[in-house]
Amino acid sequence: MRALCWVAADELAVREVPDPELRNERDVIVRVRRSATSGVDLPLLAGRDPLLRAGDVLGTEFLGEVVETGPAVRRHRIGDRVVVGASVACGGCWYCRRGRHSCCDNGGADVASVDPDLVRSDAGCFGRPRAAGGFAGGHAEYVRVPYADVGAFRVPDAVGDDRALFAADAAPTGWLAAELGEVRSGDVVAVWGAGAVGQLTARAATLRGAARVLVVDRHADRLRMAERHAGAETLDYRSTDVAAELRERSGGRGPDVCVVAVGVPPTRSVADRLTGRDVDRPDAVREAVHACRKDGVVVVLGGAPGHVDAFALGAVTDKRLTLRGSRRPDLRDVPMLLHRMARDELRTEHLATHRLPLEDGPRGYALFADRADGCVRAVFTP
Ligand SMILES: [Zn+2]
């Protein structure tokens, strides 16, 4: 089959790779109909994960049709149209039984490759190297989906492919952010980043009853989308004193909840690049910690760097902040989000700004990485 593979730093290619096969009795094989680029791919593309190998198939977010099922699969039949949650989780461990699929003990079970200082296993993820389970991704004609009864969800007929696709990752990640922030009716919520996850965080906050949602970014086209589709107010950080403006719009206190959804780890400073230190300066996180009201919640999403310096720890204690984070979504919200999509409460198809054949995958990622031509997500069709 054809698949979009990582080849070397900043180099992708569509290659012929072996078809996936059932390996466990709970697997299904899905024929992909749509797959999307994701911000968490960008550090991989740049070659910043030493475990990535030439030929690894990328693609976190995808949707397709079940073409083969293992003997223990109960919830799916051949021909089902399914969206597959981005977290690979077993469904049976302590965390999964409590709906915390992103913390699954068994999804990315290659403990040997995990940082020994952290001593933990984690949920797996499609289109990631061994440390995240080594599951081939969705930028391909076919994908093996492990634990299919846990992670694959039948799409209601009323929901089109371009909408349902984002129930795999962007929508449940945004929902989880609002949940971790404990967004309540009447809250003021600020979101840094107007990409797909930022926009869907804003929408989730609105659906949970936030009185005001403010999205901070510098791309005018993305900010317009956040206004139109998430009902958010917007701030362009290049022309606005963000902290002052957020205070102004939150009764002088600062937002109740601040979510950092900037996706890609921030660019390293010149000094760090020269010294080669494994340090990133998290500007958006620092801004959120300073902006948040006392006793508020700051939520950090996505693939943050392992270590940061210049972190405003004093502000966390002085202001009695709660700091939470997640790299992956849980799976429990996916059916609820699909129902909201069917009821037209949650629209996501506008995020697919560029629709391309899989063969144009390298060009799609170039557009996505540069945010060129208004690209929010490039969506591929095999
Ligand atoms: Zn589990």
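A crossing of two helices is left-handed if the near helix is turned anticlockwise from the far one by less than a right angle, and right-handed if it is turned clockwise. In this predicted model, α6 passes α7 in a right-handed crossing. The axes of the two helices come within 10 Å and cross at roughly 25°. Angles under 35 degrees count as roughly parallel, and α6 and α7 are therefore roughly parallel to each other. On the α6 side, the residues that meet α7 are Gln 199, Ala 202, Arg 203 and Thr 206. Their counterparts in α7 are Arg 222, Met 225, Ala 226, His 229 and Ala 230.

**Overall make-up**

The protein chain has 13 helices and 17 strands. Of its 382 residues, 55% count as buried. Among contacts with a separation of 6 or more, 71% come from residues 24 or more positions apart.

**Nonpolar cores**

In soluble globular proteins, nonpolar side chains tend to be buried together. The largest nonpolar core here holds 59 residues, and the members that touch the most others are Val 83, Phe 166, Val 215 and Leu 338. Several elements each supply at least two residues of this core, including α6 (196–207), α7 (220–230), β10 (188–192), β13 (257–260) and β14 (297–301). The helix α5 gives the most, with seven residues.

Which residues does Leu 338 contact, leaving aside its neighbours within four places in sequence? They are Val 83, Phe 153, Arg 154, Pro 156, Val 159, Ala 164 and Ala 167. Val 83 thus appears both in this list and among the core members with the most partners.

A second core of 22 residues is separate from the one just described; Ala 190, Trp 192, Val 216 and Ala 284 are included in it.

**Salt bridges**

Side chains of opposite charge can pair when their charged atoms come close. The count for this model is 30 salt bridges. Three of them are set out below.

| Salt bridge | N to O distance | Relative accessibility |
|---|---|---|
| Arg 163 – Glu 349 | 2.7 Å | Arg 163 12%, Glu 349 26% |
| Arg 332 – Glu 179 | 2.2 Å | Arg 332 30%, Glu 179 26% |
| Glu 233 – Arg 212 | 2.8 Å | Glu 233 23%, Arg 212 30% |

Arg 163 and Glu 349 meet in a salt bridge of 2.7 Å. This pair links distant parts of the chain, 186 residues apart: Arg 163 is in helix α4 (residues 161–164), and Glu 349 is in the loop between α12 (334–342) and β16 (352–357). Is Arg 163 buried or exposed? At 12% relative accessibility, Arg 163 counts as buried, because buried means under 20%. Glu 349, at 26%, is partly exposed.

In the salt bridge between Arg 332 and Glu 179, the closest N and O atoms are 2.2 Å apart. Here the partners are 153 residues apart, with Arg 332 in the loop between β15 (322–326) and α12, and Glu 179 in helix α5 (residues 170–180). Arg 332 counts as partly exposed, and Glu 179 is partly exposed as well.

The third pair joins Glu 233 and Arg 212 at 2.8 Å. Glu 233 lies in strand β12 (residues 233–236) and Arg 212 in strand β11 (residues 212–217), so the pair ties together parts that are 21 residues apart in sequence. Glu 233 counts as partly exposed, and so does Arg 212.

Elsewhere, salt bridges that share partners form one network of Arg 31, Arg 33, Arg 34, Glu 65, Arg 81, Asp 161, Asp 162 and Arg 355.

How values were computed
Residues are numbered from 1 along each chain as its sequence is written. This is a predicted model: local features need pLDDT of at least 70, side-chain atom pairs count only at pLDDT 80 or more; totals for chains, interfaces and linings use all residues. Side-chain values use heavy atoms; hydrogens and water are left out. A salt bridge is a side-chain nitrogen of Lys or Arg within 4 Å of a carboxyl oxygen of Asp or Glu. Helices (H or I, at least four residues) and strands (E, at least two) are DSSP runs, numbered from the N terminus. Buried means under 20% relative accessible area, exposed over 50%, partly exposed in between (1.4 Å probe, protein chains only). A nonpolar core is a set of buried Ala, Val, Leu, Ile, Met, Phe, Trp, Tyr and Cys residues joined through side-chain atoms within 4.5 Å. Contact means heavy atoms within 4.5 Å. Axes are lines fitted to C-alpha atoms, for helices over the stretch in contact, and angles run from 0 to 180 degrees between N-to-C directions. Angles under 35 degrees count as roughly parallel, over 145 as roughly antiparallel, 65 to 115 as roughly perpendicular and the rest as oblique.
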